[in-house]
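Here is a short report on a structure with its sequence. Read it with the model open beside you.

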Protein chains: 2
Amino acid sequence: MSLARPHVVVVGAGFGGLRTAHRLENAPVDVTLIDRNNYHLFQPLLYQVATAGLSPDDIAHPVRSILRSQKNLEFRLAEVTGVDLDQRQVHTRTGSLPYDYLVLAIGGQTNTFGIESVAENAFGLKGLEDAVGIRNHILRLFEKAAIEPDAQKRRALLTFAIAGGGPTGVECAGAISELIRMVLVKDYPHLNMHEARVVLIEAARQILPALPLNLSSEAAEVLKRKKVEVRFGAAVSSFDGQVITFNDGSSLPAHTLIWAAGVRAAALADALGLPQAGLGRLVVQPTLQVEAHPEVFVIGDAAHLPGPDGRPLPMVAPVAMQQADQAVANIRAALEGQPAKPFAYKDPGALATIGRNAAVASLGKWQFKGFIAWFLWLVVHIVQLVGFRDRLIVVINWAWDYLFYDRAIRLIDPQRSCDT
Amino acid sequence: MSLARPHVVVVGAGFGGLRTAHRLENAPVDVTLIDRNNYHLFQPLLYQVATAGLSPDDIAHPVRSILRSQKNLEFRLAEVTGVDLDQRQVHTRTGSLPYDYLVLAIGGQTNTFGIESVAENAFGLKGLEDAVGIRNHILRLFEKAAIEPDAQKRRALLTFAIAGGGPTGVECAGAISELIRMVLVKDYPHLNMHEARVVLIEAARQILPALPLNLSSEAAEVLKRKKVEVRFGAAVSSFDGQVITFNDGSSLPAHTLIWAAGVRAAALADALGLPQAGLGRLVVQPTLQVEAHPEVFVIGDAAHLPGPDGRPLPMVAPVAMQQADQAVANIRAALEGQPAKPFAYKDPGALATIGRNAAVASLGKWQFKGFIAWFLWLVVHIVQLVGFRDRLIVVINWAWDYLFYDRAIRLIDPQRSCDT
């Protein structure tokens with residue numbers, strides 16, 4: 001690694017950051033990729049870890065092993081605390097790094113819109129620790145319910161609420177309901193599973209708003225068939241860990257609230273002194289550059305850029321990955337003294353699964369539902385997983401669960417079960 | 001479940017407890033199996049979780065799913081706090097259970113022989129949390145070493161000491177050395193791996209004392225070829241987290257000490273008011289009954305019973321499993337008014353692996369070493385794993401690692417990496 005080459009620092013090893021680092025492989029630069037975890041997380045399958053279908057190891061892959069063959073890359077495990085934009089230095093808890101170009105791919109985090117009781121007592125679903133926490137919590141509640149003589153208390157222990165009718169909320173609700181009706185019903189023969197409820201809470205009148213209305217209605221129907229109660233037009237105002245209170249004053253006794261109702265840019269975005277727009281996202285030029293600092297690029301969830309319809313681009317993996325390509329192209333252009341080009345998003349469509357044999361997909365002019373959409377969903381996700389071994393083990397876990405109505409990973413993690 | 005049937009409470013879902021509960025399936029009793037975890041742990045492969053070869057889920061299987069089909073069994077997730085021997089009640093943190101017969105299969109725990117600094121700063125290797133803790137710790141130290149400019153500090157970060165030359169210590173030392181020399185060497189191309197050391201500390205003059213001397217010498221030779229330094233006649237007197245001090249006053253700068261040098265009966269044994277012998281083990285009659293309480297049986301690591309040579313039986317799975325069978329036979333005999341029979345141990349031999357293609361085995365008159373012993377070890381362990389899915393995934397993980405010199409599970413667990 002020559003010190004004379006320009007140094008590109010990429011912050012974040014999610015879909016956008018990982019792709020940026022990788023695409024710079026043959027560029028005349030040295031690359032440092034920083035993340036606070038040593039792995040790349042395949043977030044779309046996080047809800048399967050939360051519902052005991054997959055192991056954390058199946059969807060998280062060490063960054064060093066993914067990028068092992070890339071000669072111009074160094075990985076740094078560190079938490080970024082700030083950026084000195086004038087001195088061109090990234091500050092971390094374990095020292096500072098100078099940069100010539102900076103790509104901020106810092107991602108998003110759960111957004112409870114200032115509802116503190118929800119922030120304190122509900123689960124988010126953005127990181128591995130969230131997912132493992134949810135898995136432990138659900139299984140522990142079933143153990144508690146198994147020895148709880150009071151029916152009313154049992155019902156509160158076994159009511160699982162999910163706020164937010166986007167893909168994460170829908171997939172999570174469907175998976176929890178199947179976990180209960182197909183797997184745990186066999187583990188707890190003395191529990192009356194009619195006491196268990198899964199409630200999906202959606203503030204609007206429609207779930208999966210990215211999909212055409214007919215598919216979204218179909219998804220709501222399938223959820224009902226899978227015994228998920230869908231509450232439209234309901235907004236959570238507070239949650240104390242035992243009772244959810246809604247804006248209309250009504251309430252629901254429940255020991256679990258999974259918050260999939262909002263995402264915002266990662267907190268680091270607030271610490272940079274750069275212009276922010278809605279959801280804390282950093283305002284970028286169409287070229288993905290920060291206006292006052294053209295050597296700084298922001299991509300993915302943390303970037304605020306309006307799409308063709310004037311609304312900000314969604315916080316989804318395809319946006320981050322396409323923006324990674326554009327950021328790399330623009331860094332290469334800058335190195336060659338060429339002007340940067342604007343980013344144009346090509347929407348690949350939307351896909352959401354509701355559980356066994358059921359999914360909805362809208363890909364351009366094509367619409368799919370039922371088994372075909374579900375199979376499409378499987379294939380798309382298996383292909384995108386990093387590494388052949390991960391793919392193989394995920395396929396085996398899924399096939400096993402599918403054939404035997406089982407969930408393999410029903411462990412309550414010892415360090416997190418202290419209150420038993 | 002009829003209340004009129006005698007109630008057998010089994011404490012502990014390790015090898016002994018799980019087998020006891022299962023073997024009571026057709027006995028005219030109701031069984032409650034209690035464990036503080038919701039899974040049965042396949043302890044012989046724990047060191048593979050510690051060294052990133054297997055996922056925790058591969059060697060831990062939910063108790064409810066193992067014993068799902070057993071009609072006369074209830075599982076209770078609870079920590080046992082004590083036993084009222086006169087009232088015949090088992091006390092747990094979530095209530096008490098009456099029993100007619102009690103089988104204490106409470107297992108063992110790490111024994112640091114009163115060396116407090118070791119208890120505080122070294123890792124044990126008895127539970128999943130130990131193994132995951134070691135994995136996180138090793139990987140984090142490599143990340144720290146990667147940005148440490150001082151060679152002396154780097155060497156201390158990369159010195160991994162294991163105390164205890166029994167099978168656990170030997171297997172762990174071999175696996176850490178292979179993790180470093182075959183896998184991490186590719187992850188950290190800028191680190192000089194000659195700075196990394198694996199040191200196996202044994203107080204006696206021989207490792208693997210359960211094996212014939214020629215096999216034990218062979219094992220020491222293989223360890224050396226795998227670049228493990230074996231220190232004979234060395235006893236640890238203290239460890240502050242950065243330096244190991246020995247009884248002879250010498251010291252070794254190392255940030256890791258894995259303590260495989262001692263096991264004792266689980267702490268619960270001290271809380272029962274029953275006679276204890278060496279290592280806190282509960283004294284039992286040859287029938288495995290407690291003298292003053294013939295309705296109480298103790299089996300496995302926590303039971304003190306001399307073998308044919310007059311020495312207490314070892315704390316190994318075959319003893320626990322054979323004792324489970326005897327305890328069940330004696331409970332059945334008691335139900336039928338027959339006398340209890342004494343336990344006789346049939347030693348199946350000893351087997352230890354030192355890593356890739358290398359193991360030693362002594363089975364009756366037969367001795368094996370090298371690839372054949374290693375293959376035997378693989379087969380024995382895969383066959384004993386609970387559940388076909390676990391076996392399949394373990395085989396895939398092992399085959400993958402074997403073919404590609406890889407370790408799949410190199411994740412640093414987020415909740416445990418707070419100090420990065």
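How many of the 21 residues of α8(B) are buried? The count is 17, so this helix is mostly covered. Note that the model is predicted.

## A bent helix in chain B

Helix α8 of chain B spans residues 167–187. From its first C-alpha to its last it reaches 29 Å. That is close to the 30 Å expected at 1.5 Å a residue. The helix is not straight throughout: α8(B) bends by about 35 degrees at B:Ile180. This helix also returns below, among the elements of chain B that touch chain A.

## How the two chains are related

Chain B superposes on chain A after a rotation of 180 degrees, with 0.0 Å of shift along the axis. The RMSD is 0.0 Å. This is the relation of a two-fold axis. Within chain B, B:Ile393 has the C-alpha nearest that axis, at 3.3 Å.

## The contact between the chains

Each side of the contact is counted separately: 39 residues come from chain B and 39 residues from chain A. On the chain B side, several elements give two or more residues. They are α3 (56–59), β4 (60–62), α4 (63–66), α6 (128–146), α8 and α12 (388–404) of chain B. The largest share belongs to α12(B), with five residues.

Do the copies meet through the same surface or through different ones? They use the same surface, because 100% of the interface residues of chain B are also interface residues in chain A.

## A three-stranded sheet in chain B

Chain B holds an open sheet of three strands, in the order β14-β15-β16. The pairing is antiparallel. Its edge strands are β14 (236–239) and β16 (251–253), and each pairs on one side only. On average, neighbouring strands of this sheet are turned by 20 degrees against each other, direction ignored.

Look next at the β14(B) pairing. Three bridges join β14(B) to β15 (residues 243–246) of chain B, and the two run antiparallel. Within this pair, B:Val236 stands opposite B:Phe246.

## A three-stranded sheet with helices in chain A

In chain A, three strands form an open sheet in the order β23-β24-β25, again with antiparallel pairing. Here β23 (350–355) and β25 (366–369) are the edge strands, each pairing on one side only. Neighbouring strands are turned by 5 degrees against each other on average, direction ignored. Strand β24 (residues 358–363) is joined to β25(A) by four bridges. In that pairing, A:Ala361 has A:Phe368 as its bridge partner.

Which strands does helix α9 of chain A lie across? Helix α9 (residues 213–225) lies across β23, β24 and β25 of chain A. It runs at about 170 degrees to β24(A). Helix α11 (residues 370–384) of chain A packs on the sheet as well, touching β23, β24 and β25. The direction of α11 makes about 75 degrees with that of β24(A).

## A covered strand in chain A

Strand β1 (residues 7–11) of chain A is mostly covered, with four of its five residues buried. Its partner is β2 (residues 30–35) of chain A. The two pair in the parallel sense over five bridges. Across this pairing, A:Val9 stands opposite A:Thr32 in β2(A).

Methods. Residues are numbered from 1 along each chain as its sequence is written. Chains are lettered from A and ligands numbered from 1 in the order in which they are written. This is a predicted model: local features need pLDDT of at least 70, side-chain atom pairs count only at pLDDT 80 or more; totals for chains, interfaces and linings use all residues. The expected span of a helix is 1.5 Å times one less than its number of residues. The bend at a residue is the angle between axes fitted to the seven residues ending there and the seven starting there. A residue is buried if 20 or more other C-beta atoms lie within 10 Å of its own, exposed if 12 or fewer, and partly exposed in between; C-beta atoms are placed from the backbone. Two strands pair if DSSP finds at least two bridges between them. Axes are lines fitted to C-alpha atoms, for helices over the stretch in contact, and angles run from 0 to 180 degrees between N-to-C directions. Copies are superposed by least squares on the C-alpha atoms of residues with pLDDT of at least 70 in both. Two residues are in contact if their C-beta atoms, placed from the backbone, lie within 7 Å.
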